[in-house]
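Trainee: I would like to go through this model and ask, for each label, what the label rests on.
Mentor: Go ahead, and we will set each value against its cut-off.

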Amino acid sequence: STEGEREEQRDLAEGLHGEGRDLLDALVALPAPTGHARALLRDARWDVATPVDVPIAGVDDAWQLVRLRLVRAGTLVAARWVSGASGAGVAGLAAGAGGGVLLALAPGSAAPITVAPVLGVVGAAAGAAAGAGVAAGLAIGEAVWRSHRGLALTAGGAVGGAAIGLAVQWLTRWSLMALVGIVAPVGGGLEGLVLGAAAGLAFAASTAGGGFAAPRGAARTRAAVAVAVACGVAALALAATGRPLVGGTVHAIASASSGGQAVLSPLGRLLGEPGFGAVTAALISAAEGALFGVGLTLGLTRRR
C-alpha cells in the first residue's frame with residue numbers, strides 16, 4: 001500500500017477509538033485474517049486521548065504489530081542506528097588516540113608517537129562496530145515495544161551487542177591466525193552482551209516515556225552520564241573476571257607478536273604496577289566503557 005493509504009488507515013484506526021467500546025469490540029472479535037487491523041488498532045491507542053485496550057490475539061497479531069511499527073519507523077530506526085554507531089566510533093577514536101599519546105609519553109616506553117593514530121583507528125573501528133550492534137538493538141526496541149520499554153531496551157542492547165561482538169571476535173581470531181600466525185585471547189560476544197544490556201537498562205531508566213527518546217539539554221546530559229556510569233561499571237566487572245575490552249586485547253596481541261609497539265606495560269608502571277596488571281586493565285576498561293556509553297547516548301539522542 002502507498003503512504004497515503006497507510007495514513008488513511010491510521011486516521012481511521014485513531015477515529016475508531018473515539019466511537020465507543022462496542023464498535024471496537026466487534027472489530028477486535030473479527031475472525032482471522034485480521035492481524036493487521038488488530039495491530040493497527042492497538043498501535044493507534046498510543047496517539048489518542050481516550051484509548052481502548054486492544055488485546056493481541058496470537059502470534060500473527062504480534063508479528064503484524066512488529067512489522068507495522070518497523071515499517072512506520074524504519075527511517076528513524078536507521079537514522080538512530082547510524083548516529084549511535086557514529087557517536088560510539090568517535091568515542092573510540094578519542095580513547096584510542098588518547099591512550100596512544102599516554103603510551104608514547106610514558107617513562108620507559110619504546111612506543112613512538114605514531115602509535116597514537118594507529119590506536120585511534122583501532123578504537124574508532126571497535127567503537128563503531130560495538131555501537132552499531134547496541135544502537136540497532138536499542139532503536140528496534142524503541143520502535144517495536146511501547147509497553148515494557150525497560151525490558152525491551154535491555155534485551156535489545158544485549159542481543160545487538162552480543163551479535164556484533166561474536167562476529168568481531170571470530171573474525172579477529174581468524175584474521176590473526178591466517179595473517180601473522182598469532183593466537184590471542186580475543187573476546188567480544190560476552191563483552192558485547194554485558195555492555196549492551198547495561199547501556200539499554202541505563203538508557204531506559206534515564207529517558208522517560210514510550211517510543212523514541214529525544215531529551216534536550218540537561219536531560220540529555222543526565223542520560224549520557226547514566227549510560228556512561230552503567231557501561232563503565234559493566235566494563236570494570238568484565239575486567240575483574242579477566243575479560244578486558246579493546247585496550248587489553250591490543251596489549252595481548254602486541255605481547256604475542258615479536259616487536260609489537262603497542263604493549264601497554266608502561267601505562268601499568270605509571271600506576272605503580274610492574275607491568276600491565278589487574279589495576280591497569282580495570283582502569284583502562286572502565287574508561288573505555290564510560291566513553292562508549294557517552295558516545296552511544298549522544299549519538300542516539302542527536303536531533304536533526
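Trainee: Which residues are exposed on the other side of helix 4?
Mentor: V59 and W63 are the exposed ones there. The model is a predicted one, and exposed means a relative accessible area over 50%.

Trainee: Which residues of helix 4 are buried?
Mentor: D61, Q64, L65, L68 and R69.

Trainee: How do you know that they line one face of the helix?
Mentor: Viewed down the axis of helix 4, the buried residues fall within an arc of 125°, so they line one face. An α-helix has 3.6 residues a turn, so residues three or four places apart point the same way.

Trainee: What covers the buried residues of helix 4?
Mentor: The cover includes helix 3 and helix 6, the latter running over 115-144.

Trainee: What makes the length of helix 4 agree with what is expected?
Mentor: Helix 4 has 14 residues, and at 1.5 Å a residue they should span 20 Å. The C-alpha atoms at its ends are 20 Å apart, so the two agree.

Trainee: What does the same test give for helix 8?
Mentor: Helix 8, residues 189-206, has 18 residues and should span 26 Å; its end C-alpha atoms are 26 Å apart, so here too the values agree.

Trainee: Which residues of helix 8 are buried?
Mentor: Among them are G189, G192, G196 and G200, along with E191 and F203. The list also includes L195, A198, A199, A202 and A204.

Trainee: Why is helix 3 called mostly covered?
Mentor: Eight of the 10 residues of helix 3 are buried, and buried means under 20% relative accessible area, so the label rests on that count. The buried residues are G35, R38, A39, L40, L41, R42, D43 and A44.

Trainee: Where is A57, and why is it called exposed?
Mentor: A57 is in the loop between helix 3 and helix 4. Its relative accessible area is 60%; the cut-off for exposed is over 50%, so A57 meets it.

Trainee: What separates A57 from E19 in space?
Mentor: Their C-alpha atoms are 22 Å apart, with the two positions 38 residues apart along the chain.

Trainee: Now the pocket. What volume does the second largest pocket have?
Mentor: About 290 Å³. Its lining has 12 residues, and E3, R6, L68, V71 and R72 lie nearest the centre.

Trainee: Which elements give two or more residues to that lining?
Mentor: Helix 1 (3-16), helix 3 (35-44) and helix 4 (59-72) do. Helix 1 gives the most, with five residues.

Trainee: How do the lining residues divide by type?
Mentor: Into three nonpolar, three polar and six charged.

Trainee: Where is L264, and why is it called buried?
Mentor: L264 is in the loop between helix 10 (246-256) and helix 11. Its relative accessibility is 6%; buried means under 20%, so L264 counts as buried.

Trainee: What does L264 touch beyond its neighbours in sequence?
Mentor: Leaving aside residues within four places, L264 is in contact with L103, G247, H251, F276 and I284. L264 and A106 are 158 residues apart in sequence, and their C-alpha atoms are 9.7 Å apart.

Trainee: What makes E273 buried or exposed?
Mentor: E273 has a relative accessible area of 16%; the limit for buried is under 20%, so E273 is buried. E273 is in the loop between helix 11 (265-270) and helix 12 (278-300). Not counting residues up to four places away, E273 touches G268, A278, V279 and T280.

Trainee: Why is L283 called partly exposed?
Mentor: L283, in helix 12, has a relative accessibility of 46%. Buried is under 20% and exposed is over 50%, so L283 falls in between and counts as partly exposed. L283 and L271 are 12 residues apart in sequence and 9.8 Å apart, C-alpha to C-alpha.

Trainee: How many helices and strands does the chain have?
Mentor: The chain has 12 helices and zero strands. Its C-alpha atoms fill a box of roughly 80 × 45 × 35 Å along the principal axes.

Trainee: What share of the chain is buried?
Mentor: Buried residues make up 44% of the 304 residues. Of the contacts between residues at least 6 apart in sequence, 73% join residues at least 24 apart.

Terms used: Residues are numbered from 1 along each chain as its sequence is written. This is a predicted model: local features need pLDDT of at least 70, side-chain atom pairs count only at pLDDT 80 or more; totals for chains, interfaces and linings use all residues. Side-chain values use heavy atoms; hydrogens and water are left out. On a 1 Å grid over the protein atoms alone, a cavity is a set of points where a 1.4 Å probe fits but cannot get out, and a pocket is an open set with protein on both sides within 12 Å along at least five of seven lines; lining residues have an atom within 4 Å of a point. Grid points are joined across faces, edges and corners, and a volume is the space filled by probe spheres set on the points. Helices (H or I, at least four residues) and strands (E, at least two) are DSSP runs, numbered from the N terminus. Ala, Val, Leu, Ile, Met, Phe, Trp, Tyr, Cys and Pro count as nonpolar, Asp, Glu, Lys and Arg as charged, and the others, Gly among them, as polar. The expected span of a helix is 1.5 Å times one less than its number of residues. Buried means under 20% relative accessible area, exposed over 50%, partly exposed in between (1.4 Å probe, protein chains only). The arc is that of the directions from the helix axis to the C-beta atoms. Contact means heavy atoms within 4.5 Å.
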